[in-house]
Amino acid sequence: MSGATRRRFLGAGLRTAGLLAVGGLACDSNRPRTGFLGVMERVNERFQRALFDPGRLAPELSEREESLPGDFPMYRIGDDYPAPPEGWALRVGGLVARPVTLSADALARLPRTRTRVRHHCVEGWSAVAAWDGVRLSEIARLVGPDPRVRYVEFRSFEPGYYSSWDLESALHPQTILAYGMNGQPLAREYGAPLRLYSAVKLGYKMVKYLAEVSFLPVRTGGYWEDRGYEWFAGV
Ligand SMILES: Nc1nc2c(c(=O)[nH]1)N[C@H]1C(S)=C(S)[C@@H](COP(=O)(O)O)O[C@H]1N2
Ligand SMILES: [Mo]
């Protein structure tokens, strides 16, 4: 078995374990991270963190492989697309040396990158788009996380939606804050003015309608994670 195949094989096994845990959560949905399941979830994080190779890049696809307009599903918890609050700007903070607030203009002035990789939703669909934005590692460089930081939390201005990531996945070169899609400004449906996008996580980890990024020493949860979905959710 090649390293990559073995990694995928183990990942699938761990994800199956995660799904079994989801079944069990229905009994105890108020306290999904305590007791036996909480312990299992921590073990899972340890395994997946050890398996994650921060230097391994997901294949960048060609323009020919982009999903046709209209074929990239819009998946969301709400019935409508939330509008950004007046004077929207991204807050970046937590345990950092230099917290900042970045307007759309300030973000556009930071080094720009494009990533075109396959998106995988836990529901089973996948699609491809080209995403333009700023690497999260660039944002980290700006704010200077404390050495104790191990997690990054992403909060949406869509009420209730958030997620938290391991630091290594957040700093992966194909993890970006995206403000453009397929050469156009990001549309409302896909998370305007700014969303998280990454080659290394499942869809539900990619918070749309971003309001705040926090570098933290402790792990928090997420909208779907708090409902029993696997926390690490690597691809
Ligand atoms: N704010 C917010 N972010 C979100 C969601 C959501 O409902 N609200 N859905 C997640 C899920 S499950 C997926 S698969 C992707 C879908 O992104 P898309 O609508 O651009 O396809 O966004 C993720 N980020
Ligand atoms: Mo999803």
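These legends accompany several close-up views of a predicted model.

**View 1. A nonpolar patch on the surface includes Phe-47.** Three side chains make up this patch: Val-39, Val-43 and Phe-47. Together they offer about 270 Å² of accessible area. Phe-47 belongs to helix α2, which covers residues 35–51. Is Phe-47 exposed, partly exposed or buried? With a relative accessibility of 48%, Phe-47 counts as partly exposed, because that class lies between the 20% limit for buried and the 50% limit for exposed.

**View 2. Tyr-223, Trp-224 and Tyr-229 bring their rings together in edge-to-face pairs.** The whole structure holds 13 aromatic pairs. In the pair formed by Tyr-223 and Trp-224, the ring centres are 5.0 Å apart and the planes meet at 90°, so this pair is edge-to-face. Trp-224 also pairs with Tyr-229: here the centres are 5.5 Å apart and the planes lie at 80°, so this pair too is edge-to-face. The two tyrosines can be read by their accessibility as well. Tyr-223 is buried, at 17% relative accessible area, while Tyr-229 is partly exposed, at 22%. The limit for buried is under 20%, so the value of 17% puts Tyr-223 in that class.

**View 3. Five aromatic residues form one cluster.** Which residues should you look for in this aromatic cluster? They are Phe-72, Trp-125, Trp-131, Tyr-190 and Tyr-197.

**View 4. Arg-155 and Lys-201 each sit over an aromatic ring.** The charged end of Arg-155 is placed over the ring of Tyr-162, 4.3 Å from the ring centre. Lys-201 lies over the face of Trp-165, and its distance from the ring centre is 5.6 Å.

**View 5. Strands β3 and β4 form a hairpin.** Strand β3 runs through residues 113–120 and strand β4 through residues 126–135. Their pairing is antiparallel and extends over eight bridges. To find your place along the pair, start from Arg-118, whose bridge partner in β4 is Val-128. Five residues separate the two strands. In the turn, Gly-124 has a positive phi of about 115°. As you follow the strands, keep one rule in mind: side chains in a regular strand alternate between the two faces of the sheet.

**View 6. Pro-159 lies in the loop between β5 and β6.** The flanking strands are β5 (151–156) and β6 (162–166). Pro-159 is exposed, with 70% relative accessible area. Its C-alpha atom is separated by 9.2 Å from that of Gly-78, although the two residues are 81 residues apart along the chain.

**View 7. A cis peptide bond leads into Pro-193.** The bond in question runs from Ala-192 to Pro-193, and its omega is near 5°. Pro-193 is located in the loop between β8 (184–185) and β9 (195–198).

**View 8. Asn-182 and Ala-233 have positive phi values without being glycine.** For Asn-182, phi is near 50°. This residue lies in the loop that links β7 (175–181) with β8, and Asn-182 is partly exposed at 32% relative accessibility. Ala-233 has a phi of about 50° and belongs to the segment after β10 (210–216). Which class does Ala-233 fall into, buried or exposed? Ala-233 is buried, and its relative accessible area is 0%.

Notes:
Residues are numbered from 1 along each chain as its sequence is written. Chains are lettered from A and ligands numbered from 1 in the order in which they are written. Side-chain values use heavy atoms; hydrogens and water are left out. Patches are made of residues with over 30% relative accessible area and no salt bridge: like charges are joined within 9 Å, nonpolar side chains (Val, Leu, Ile, Met, Phe, Trp, Tyr) within 5 Å. Accessible areas come from the Shrake-Rupley method with a 1.4 Å probe; for residues, only the protein chains shown count as cover. A salt bridge is a side-chain nitrogen of Lys or Arg within 4 Å of a carboxyl oxygen of Asp or Glu. Helices (H or I, at least four residues) and strands (E, at least two) are DSSP runs, numbered from the N terminus. Buried means under 20% relative accessible area, exposed over 50%, partly exposed in between (1.4 Å probe, protein chains only). Rings of Phe, Tyr and Trp (its six-membered ring) pair if their centres lie within 6.5 Å; planes under 30 degrees apart count as stacked, over 60 as edge-to-face and the rest as tilted. A charge sits over a ring if NZ of Lys or CZ of Arg is within 6 Å of the ring centre and within 35 degrees of the ring normal. Two strands pair if DSSP finds at least two bridges between them.
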